[in-house]
Amino acid sequence: MSRGFDTDDFRDSDSSRDVSRGSSRGWNSGDSLAEIHREEARTDQRNQEQPERPDKDRPPMPREERVQAILAQRVRTKYADRDKTYSLRDSEIHTLSEVGTFRVIAREDLIQFAYNGDRPRMENDLENLTRQGLVETRGTSVLKRNSRQVVTLTKQGQQLLRRHEFVPQDQAVYSGLVKPKEAAHDADLYRMYQKAADDIESEGGKVLRVTLDYELKEKLYKKLGESQEHGEVYRDERKQEIAREQHLPVVEGKVVLPDVRIEYETQEGDRDRVDLELATDHYRPQGLAEKASAGFQIYARSEDAGGLRRVRDDHEIMTAILRL
């Protein structure tokens with residue numbers, strides 16, 4: 001979950017988490033809630049039709065074509081790493097890279113997005129990766145009915161990705177869980193990313209890098225911490241500088257971090273970015289309004305979207321809330 005940072009302290013503040021497709025980035029003050037409703041209705045309809053529509057009724061998305069090419073390679077290659085040797089095929093390296101980039105991914109989302117729905121292939125790959133000590137699978141809750149199976153890298157998996165440069169050097173790679181109680185929320189970030197990335201690629205863009213709030217937060221802590229010994233005026237000025245450097249908004253004195261940032265190249269060859277946030281039913285009107293002001297693209301789980309949209313309408317907050 002992304003957090004806001006005040007100049008006076010670095011304590012996490014849920015009220016400063018920001019989100020949404022639309023706010024200041026996608027909608028201006030002249031846009032009406034009716035227009036936002038139409039946009040949401042279109043995306044809801046598309047989400048509903050997509051699983052029901054046979055593949056032959058639409059051309060494959062770029063992501064699906066890339067995955068298909070990866071799945072076509074079935075031979076495993078030996079990779080030496082210190083005192084161990086791992087046997088991996090391309091689809092297993094792809095899985096390690098995806099999980100490492102997003103820290104935690106639900107098994108069902110891996111099947112859908114990293115394997116184009118090929119469950120047997122995913123299960124075979126995951127069994128091989130687990131046997132070699134590169135990934136772990138765990139539940140998100142001690143309550144069985146509320147638990148989802150999610151996948152994370154082990155330290156061995158993280159080190160293998162780095163040493164063999166299976167991911168770009170500037171791409172952060174994670175292992176394990178930071179806060180197990182947030183695993184369910186964090187697992188949904190991968191699904192949210194896929195929806196936004198498909199939109200980018202459908203317009204001719206190319207995703208270059210993914211940044212989670214962990215990385216943005218770490219940079220902020222470090223830079224803001226260096227200014228703690230100076231006066232308040234200096235800290236305020238420095239905060240504004242850091243926000244500009246990181247292309248982050250400041251809302252009511254807080255630097256606001258998205259859950260996920262996508263940096264991409266447009267069809268015209270320009271470099272751009274989009275900040276994504278996963279909203280939950282815990283958001284209060286003031287918090288939702290702050291998130292809209294930050295200009296983030298907001299998504300919500302289907303079970304949360306209706307309530308959040310009602311709050312948005314009641315308070316005339318100009319931001320779309322898209323369903324996962």
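1. Two bridges join β4 to strand β6 (residues 149–153), and the two strands run antiparallel; at this pairing Ile105 stands opposite Val151 in β6. The model in which this is seen is a predicted one, and the points below should be read with that in mind. The pairing belongs to an open sheet of three strands, ordered β4-β6-β5, whose pairing is antiparallel. Because β4 (105–106) and β5 (135–139) each have a single partner strand, they stand at the edges, and one side of each is left without a neighbour in the sheet.

2. Helix α4 (residues 90–102) lies across β4, β5 and β6, and runs at about 95° to β6. In the loop between α4 and β4 sits Arg103, whose phi is near 70°, a positive value in a residue other than glycine. Most residues other than glycine have a negative phi. Arg103 counts as buried, since its relative accessibility is 9%, under the 20% limit.

3. A second positive phi, of about 50°, is found at Asn116, which is not a glycine either. Asn116 has its place in the loop between α5 (107–114) and α6 (119–131), and with a relative accessibility of 28% it counts as partly exposed.

4. Gln158, in helix α7 (residues 155–163), is buried, with a relative accessible area of 18%, and its polar side chain has partners. What does the side chain of Gln158 reach with its polar atoms? One polar atom of the side chain lies 2.8 Å from the backbone oxygen of Val173, and a polar contact of 3.2 Å joins the side chains of Gln158 and Ser175. When neighbours within four places in sequence are left aside, Gln158 is in contact with Leu153, Val173, Tyr174 and Ser175.

5. The other sheet to consider is open and has five strands in the order β7-β10-β11-β12-β13, with mixed pairing. Its edge strands are β7 (206–212) and β13 (321–323), each of which pairs on one side only, and the twist averages 30° from one strand to the next. Strand β12 (residues 297–300) pairs with β13 in the parallel sense over three bridges, and the bridge partner of Tyr299 in β13 is Leu322. Helix α8 (residues 183–202) lies across β7, β10 (260–265), β11 (271–279), β12 and β13, and its direction is at about 140° to that of β11.

6. Helix α9 (residues 213–225) has the length that its residue count leads one to expect: at 1.5 Å a residue its 13 residues should span 18 Å, and its end C-alpha atoms are 17 Å apart, which agrees. The buried residues in α9 are Asp213, Tyr214, Glu215, Leu216, Lys217, Leu220 and Leu224, a list that includes charged side chains such as those of Asp213, Glu215 and Lys217.

7. Helix α12 (residues 302–314) also has 13 residues, and reaches 19 Å from its first C-alpha to its last, close to the 18 Å expected at 1.5 Å a residue. Which residues of α12 are buried? They are Asp304, Ala305, Leu308, Arg309 and Arg312; seen down the axis of α12, these buried residues fall within an arc of 130°, so they line one face of the helix. An α-helix has 3.6 residues a turn, so residues three or four places apart point the same way. On the other side of α12, Glu303, Arg310 and Asp314 are exposed, and just after the helix Glu316 takes a positive phi of about 50°.

8. Glu40, in helix α2 (residues 33–49), brings together α12 and the edge strand β13 in its list of contacts. Leaving out residues up to four places away in sequence, Glu40 touches Arg309, Arg312, Thr319, Ala320, Ile321 and Leu322. The side chains of Glu40 and Arg312 make a polar contact of 2.8 Å, and Arg312 is one of the buried residues of α12. Glu40 itself counts as buried, because its relative accessibility is 3%.

9. For the protein chain as a whole, the secondary structure comes to 12 helices and 13 strands, and buried residues make up 51% of its 324 residues. Among contacts between residues at least 6 apart in sequence, 65% join residues at least 24 apart.

Terms used. Residues numbered from 1 in each chain as written. Predicted model: local features only at pLDDT ≥ 70, side-chain atom pairs only at ≥ 80, totals over all residues. Heavy atoms only, no water. Helix = DSSP H or I, 4+ residues; strand = E, 2+ residues; numbered from the N terminus. Buried < 20%, exposed > 50% of the residue type's maximum accessible area, 1.4 Å probe, protein only. Polar contact = N/O pair within 3.5 Å; in protein donor to acceptor, adjacent residues only side chain to side chain. Contact = heavy atoms within 4.5 Å. Expected span 1.5 Å × (residues − 1). Arc of directions from axis to C-beta. Pairing = 2+ DSSP bridges. Axes fitted to C-alpha atoms, helices over the stretch in contact; angles between N-to-C directions.
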